[in-house]
Amino acid sequence: MSFTLLLDITIGGLILGGLYALVAAGLGLQYGVARILNVSHGEFIMLGAFATYSLHMLLGLNPIISLVITGPILFGLAFLIHKVLFMRLRKKAESAVIFEGNSLLVSFGLLFIIQNIALLFWGPDIKGYSYMSETVDLFGIVYAKNRLFAFLFAVVMGSSFYFFITRTRMGKAIRAASQDVNTAQLMGINTHWVLGFCFALGALLAGLAGSLISMMFEMTPTIGLPYTIIAIIAVVLGGLGNILGSLLGGLILGLVGNLVMSVDPGLSMIAYYMIFLLLLLVKPTGILGK
Amino acid sequence: MKAERFTWMRHQLLSPWFMAGVLLLIFLSAAPLLFAPYTIISITNVLMYIVMTVSWAFFSGPTQYLSLATAAFFGIGIYVSALAGEVLLFPLVITLGALLSFLIAVLVGLSTLRLRGMYFTIFTFGLSELIRHFVLWWEVNITGTVGRWVVAMDHTTVYYAMLTIGTVTLAVTQTVRISKYGLALRSIGDSEEAADHTGINVNTVKLFSFAISAVFTGAAGAAMATRWTYIDPSIAFNPLYSFMPVLMAIFGGITRIHGQIIGAVILTLLADLLLTTFPYYYMLLYGLILVVVILFVPGGLTGLQTDLKRLWQGGSGK
Amino acid sequence: MRILEVKDLRKTFGGLVATNRVDFHVDQGNIVGLIGPNGAGKTTLFNLISGALVPTSGKIVYQGEDITGLRPYQICRKGIARTFQQIKLFTNMTVLENTRVGVTFGRSADIQGPGVEDLSFELLDFVGLGGMEKGLAKDLPIGSQKRLEVARALATGPKLLLLDEVMAGLNPTEVGQAIELIKRIRDRGMTLFLVEHVMKAIMGLCDQIIVLHYGVKIAEGPPAAIVANQKVNEIYLGT
């Protein structure tokens, strides 16, 4: 294998990995802190993609600017959903296990609802737009500018997120809450607010990822679920409940995925699932898990 | 002691539910003579979901291991029918579908039943999806054509096949549930560690009941395959087949078998109705039903019945 | 006759040594106590004997048979039953059903039909829960829940009964009742192995006491010897 090819696969893997890391971090926050395995996570990605698309097509809005708009909107929407649906579930649930099961099922309901609404609103046809698709030459390999931008953005977001989680007080509160909600409460952390905040933050990251995706790929209302699955695998790979692990898991999956896709594009999902199943059998706690 | 056994059996056989069931069975056996083909096909559909829901709840209900593998076993049955339908007789095809599902359930169970809670659920979901993607890849790269044609079968034969499978499913699951085996299952669901220490071979019991829950779903898949003249992996292994039984059981009431049946009947007929009247909204409506049920009526319809009864009798029913 | 022999038993979790070369035996018909500060490894030892944990090294011999590494359900059927520090009842089942599970699955020889019911009723009566058969396990007060756990354990027909802090959380009257129950169980021919913190009860009941500290057996002997033991006094009794 030539060096250029290896470099190409690696860089491509990092680009994909950056995107997956963003997606995974979002889900990781939602499960790690709020204990909601949100299978409608991909739908928020899809919404972010379509919102950017519509803003671009209808208002001629620069997609990079949409990042600032779609993110907060999805944040608000998710915060509301959490308050109305999941908080209620939490109060009624007799045990953590029951809450997790019920919230999983409710998020499935959300999946159906959101996807159907999107189908009604935007229709089932493939949509896309062209933005920053001019190419740039890097180390003898050609890359589209939008992909490089997406990668850079993902890196910036990922690093900011990393700093936020590890260095700020809010971030530490979140990590505390993800490890032990009761103790965190005893230490004065307003866990109710933190739970909703984290859920919404997860959706915000999803929306941002969706915007990036809309710049690079085409979309239909059904693109969500594969990303959700990748996010779940990445989160488990990194360690369920470990938010930083989600970033790592996403990065690894991106690298592996790109490698597999260079051999046979149809094998990527299979590769992800095999990694997943093997992981669950050998070390379910993941790389960074206890 | 023998006399006591007979009294017990007589009590079961003469219970109103059982008698009603027998009458219903007799009635249903004569249905093709009484109703139009469309109705028969509709009933066949309902029977299919009854089998899947009751099978799912048989394992996942008492043990609280939420399995999302129903689509895998159903799809396996469908593909067995597609592959063997031209070569084997229909009853054999169904048996083969059932056996293969049983085998795969045992293999899956051996490796995964030590996973707890969320991990088990995600694993079963991932497994179903893996099988779907794998079959697709196989068809694209090895067989060369995606999807297969299925041997046509007239709707009356399929109807009687599903009626038989449905009856057998109910008979087996109910018998097991009442037996000491069912007691073991409930113990495991309540406190697996205590069950282990009280002499229950937890692994074997879990494995066996997981396999039973797969058998009838596989048979149903093999029987129903002919309703689609053409199948491909996304049709056969559609994830919805994993979620519908869960929703139906929860809707009807997961703990009692009549709850599971009622849930399956109502939601299947509802789906039929929605598909024809609001084809563009039916996912939305299903999602709403799911959310509403989980939020407000987590005990399902039969849970609601128990609550209402308690309310009627006044005071807490403790 | 030595009903239980623990030989050079060791259990490590990663770097932590929870049980460190523990060696002792229990004579049939005795009541043996296991004491030690929190974290000494008492429940771990019970878990090793009952099969919930697999030893890293060493042997466990029951009635002359090597049972090391057997699964909990197998050990239960051979005749060792236990209760748990954190009560693990079948909470959504009735009191009677809890006992029935024990009778149905835990015995070395199967009992069928009405014999199951009869034995269950008899056991519930024996532990003092007569008349409460129809209630749900989760609705019982803590004292009754402990009795039910004992009844379920007895239902499996053991010769050796492990009681893990069965008196924890009981008021003085209930402790007295528990002591009486334990004596009655012993009078039925059972050998008892108790983990307890209620010193008065242990000293009064036991023929033999084993003291554990950081996973190591630091003393063994009749109550009088233990009370006099200098090491035990330093480490455990606080003098």
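## Close-ups of a predicted three-chain model

**View 1. A sheet of four strands in chain C.** Four strands of chain C line up as β2-β1-β4-β5 in an open sheet, and their pairing is antiparallel. The edges belong to β2 (16-27) and β5 (65-66) of chain C, each of which pairs on one side only. Keep in mind throughout these views that this is a predicted model. Zoom in on strand β1 (residues 2-13) of chain C and you'll find eight bridges tying β1 to β2(C), again in the antiparallel sense. One handy marker here is L9(C), which stands opposite V22(C) in β2(C). Helix α1 (residues 42-50) of chain C lies across β1, β2 and β4 (57-62) of chain C, and runs at about 65 degrees to β2(C).

**View 2. Two residues of chain C with a positive phi.** Most residues other than glycine have a negative phi. R21(C) goes the other way: its phi is near 50 degrees, although R21(C) is not a glycine. You'll find R21(C) in strand β2 of chain C. Is R21(C) buried, exposed or partly exposed? R21(C) is partly exposed, because 14 other C-beta atoms lie within 10 Å. E165(C) is another residue that isn't a glycine yet has a positive phi, about 50 degrees. E165(C) is found in the loop between β7 and α6 of chain C. With 20 other C-beta atoms within 10 Å, E165(C) counts as buried.

**View 3. A sheet of six strands in chain C.** Here the order is β6-β7-β8-β3-β9-β10 (chain C), the sheet is open and the pairing is mixed. Look for the edges at β6 (80-82) and β10 (216-221) of chain C, which each pair on one side only. On average, neighbouring strands of this sheet are turned by 20 degrees against each other, direction ignored. Within the sheet, strand β3 (residues 31-35) of chain C runs parallel to strand β9 (residues 208-213) of chain C, and four bridges join them. To spot this pair, find G33(C), which stands opposite I209(C) in β9(C). Packed on the sheet is helix α6 (residues 172-187) of chain C, which touches β3, β7 (160-164) and β8 (191-195) of chain C. The direction of α6 makes about 150 degrees with that of β8(C).

**View 4. Two helices of chain B side by side.** The axes of helix α8 (residues 155-178) and helix α11 (residues 202-224) of chain B come within 10 Å and cross at roughly 175 degrees. That angle is why α8(B) counts as roughly antiparallel to α11(B). From α8(B), the contact takes V158(B), A161(B), M162(B), I165(B) and T169(B). Facing them from α11(B) are F216(B), A219(B), A220(B), A223(B) and M224(B). Sort the contact by class and you get nine nonpolar residues, one polar and no charged ones.

**View 5. T53(B) and helix α14 of chain B.** T53(B) sits in helix α4 (residues 37-63) of chain B. There are 33 C-beta neighbours inside 10 Å, so T53(B) counts as buried. Which residues does T53(B) contact, leaving aside its neighbours within four places in sequence? They are P245(B), M248(B), A249(B), Q260(B), G263(B) and A264(B). The C-alpha atom of T53(B) is 9.7 Å from that of I250(B), though the two are 197 residues apart along the chain. Now follow helix α14 (residues 257-277) of chain B: at 1.5 Å a residue, its 21 residues should span 30 Å, and its end C-alpha atoms are indeed 30 Å apart. Among the buried residues of α14(B) are Q260(B), G263(B), A264(B) and L267(B).

**View 6. Where chain B meets chain A.** Two pairs of chains touch, and the pair with the most contacts is A and B. This contact takes 29 residues from chain B and 33 from chain A. On the side of chain B, α7 (117-143) and α15 (282-296) each supply at least two residues. The largest share there comes from α7(B), with 13 residues. By class, the side of chain B that touches chain A has 23 nonpolar, five polar and one charged residues. Chains A and C have no contact, and their closest C-alpha atoms lie 12 Å apart.

Conventions: Residues numbered from 1 in each chain as written. Chains lettered and ligands numbered in written order. Predicted model: local features only at pLDDT ≥ 70, side-chain atom pairs only at ≥ 80, totals over all residues. Buried ≥ 20, exposed ≤ 12 C-beta atoms within 10 Å, placed from the backbone. Contact = placed C-beta atoms within 7 Å. Expected span 1.5 Å × (residues − 1). Pairing = 2+ DSSP bridges. Axes fitted to C-alpha atoms, helices over the stretch in contact; angles between N-to-C directions. Parallel < 35°, antiparallel > 145°, perpendicular 65-115°, else oblique. Nonpolar A, V, L, I, M, F, W, Y, C, P; charged D, E, K, R; others polar.
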